[in-house]
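Visitor: I would like to understand how the words used for a protein model are earned, one step at a time. Could you take me through a few of them?
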Amino acid sequence: MEETWDREVICEICRVQLSRAAIAKSLTGLDLSVLEQPKRLININLAVRMDNGKVRFFPAYRVLYNDARGPGKGGIRFHPNVHMEEIKELAFLMALKCACTDIPFGGAKGGVKVDPKKHSEHEMERISRAYIREFAHFIGPDTDIPAPDVNTNSTTMAWMLNEYEKIVGHSAPAVITGKPLELGGSQGRDYSTSLGGAIVLREYLAKKKSGLKKASIAVQGFGNVGMHMARILFEWGAKIVAVSDSSTGIFDSGGINVKKAIEHKATGKSFETFPKGKKISNEELLELKVDVLIPAAVEDQVNDSNKDNIQAKTILEMANGPVTPTADDLLDRKGVEIIPDILANSGGVMVSYFEWVQNRNGKYWEEKEVNAMLEEKMVKAFNEVHALKEEEKINYRKAAYVLAIKRILKAEELRGNLSKPSK
Ligand code: NAD
């Protein structure tokens, strides 16, 4: 076969994940090579004038991994360690996430190698606008739709939208999601990732015939996702026995009053000074004997160093990639069920999709309408992954991957982009 790509372009991690999924019955014999490489990679040095008048260059990236099912979708992160390999992997995961939950988008991701802590707000605004000036011809409501990610937020999206509209010369809110409400953002987006995850967990526990009210739950991380996750589950009657921020955890076997924990954090204090419960470390939180462990902070938290000590019966991956592949293998053998990130935390991209639909239609939904649609889509996505898991006797992660890959391959096949099996 003609080799059209450098080896470097092929994403090793994507290839490993594909080969793990490929052993599932329903992927046997299918040509997965279309998913071993991104469709488009762009790498541009942004020239940006600093407050002191000097010009500095910032490496910037955008990868469109796959768009067989619809325009690319994926955030833009600002971080000093951003590099092309990471952006490729994250774009691949976005393609799988959208396909697994049947959102009509492909997968993409972008980033700028910059440390936001070292720049003024004006410099960050100029970097954001420079990104859009350089990438404007590769993004668009029908081609590739960015969103916030690490160190970018609704303010960044507002600058980016404004710059894009100046270039195209007309209003185009659907080019980017995660916008402020006043510029076409969606109701409910702030907590949609957590609500989606809570719905998945509720459905999962219902299948186990246990139910949320009987479950003891530990949540790692108390940022946007962890805080709303703990709040929603607490409001639904679950027993949250542990929560943590980056420095301290609190544990109370009788259950933490999450409302009080949120009020405490809102005053700017750490959990170190929370008056109730026992102080524990983040490491101890991960090893608690609970029904459900919810890592909702950063990646690689359950790894080689603690995989043998994990006592949770179920892990709901709200962070991206919180369980490393080797820990995943061991926990699977031990019978710990892991509900993977591409399903568990997809509520955010689901509501981003609703935002895009609203921008295109010019009709905006009330919060309760957005949440009702999210509920319906998340229940359906969970049931589809669960059915495939049962049918193929595989775990949730594999089932989510296989479902996603099958859907992307079907779209590629219909477009005539797949090799036909030899007769
Ligand atoms: P955030 O920055 O608001 O919160 C992160 C939280 O983790 C903070 O409480 C921080 O103190 C804590 N933390 C940081 N390092 C930690 C460590 N080493 N140990 C324990 N806690 C630590 O971020 P977020 O938006 O809540 O995102 C959390 C995770 O969820 C990330 O992996 C993100 O990629 C993923 N995610 C977020 C969304 C979303 O809509 N925000 C969607 C999908 C996935």
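Guide: What follows is a short conversation about some terms and the values behind them, and please keep in mind that this is a predicted model.

Visitor: Why is tyrosine 401 called buried?

Guide: Tyrosine 401, which is found in helix H13 (residues 396–414), has a relative accessibility of 7%, and since the word buried is kept for values under 20%, tyrosine 401 counts as buried.

Visitor: How do you know that strand S11 and strand S7 pair?

Guide: Two strands pair if at least two bridges are found between them, and strand S7 (residues 216–220) is joined to S11 over four bridges, in the parallel sense, so the condition is met. Within this pairing, valine 219 stands opposite isoleucine 294 of S11.

Visitor: What makes S11 and strand S12 a pair?

Guide: The requirement is at least two bridges, and S11 and strand S12 (residues 314–316) have two bridges in the parallel sense, so they too count as paired. Here the bridge partner of valine 292 is threonine 314 in S12.

Visitor: What makes you say that both faces of strand S11 are covered?

Guide: On one side of S11 (residues 292–295) lie Val292 and Ile294, on the other lie Leu293 and Pro295, and all of these are buried, a word that stands for under 20% relative accessible area.

Visitor: Which residues gather in a patch of negative charge on the surface?

Guide: Asp190, Glu366, Glu367 and Glu369 form that patch, and Asp and Glu are the residues counted as negative. Glutamate 366 has its place in the loop between helix H11 (347–361) and helix H12 (367–392).

How values were computed
Residues numbered from 1 in each chain as written. Predicted model: local features only at pLDDT ≥ 70, side-chain atom pairs only at ≥ 80, totals over all residues. Heavy atoms only, no water. Patch = residues over 30% accessible without salt bridge, like charges linked within 9 Å, V, L, I, M, F, W, Y side chains within 5 Å. Areas by Shrake-Rupley, 256 points an atom, 1.4 Å probe, with all protein chains shown as cover. Salt bridge = Lys/Arg side-chain N within 4 Å of Asp/Glu carboxyl O. Charge placed at Lys NZ, Arg CZ, Asp CG, Glu CD. Buried < 20%, exposed > 50% of the residue type's maximum accessible area, 1.4 Å probe, protein only.
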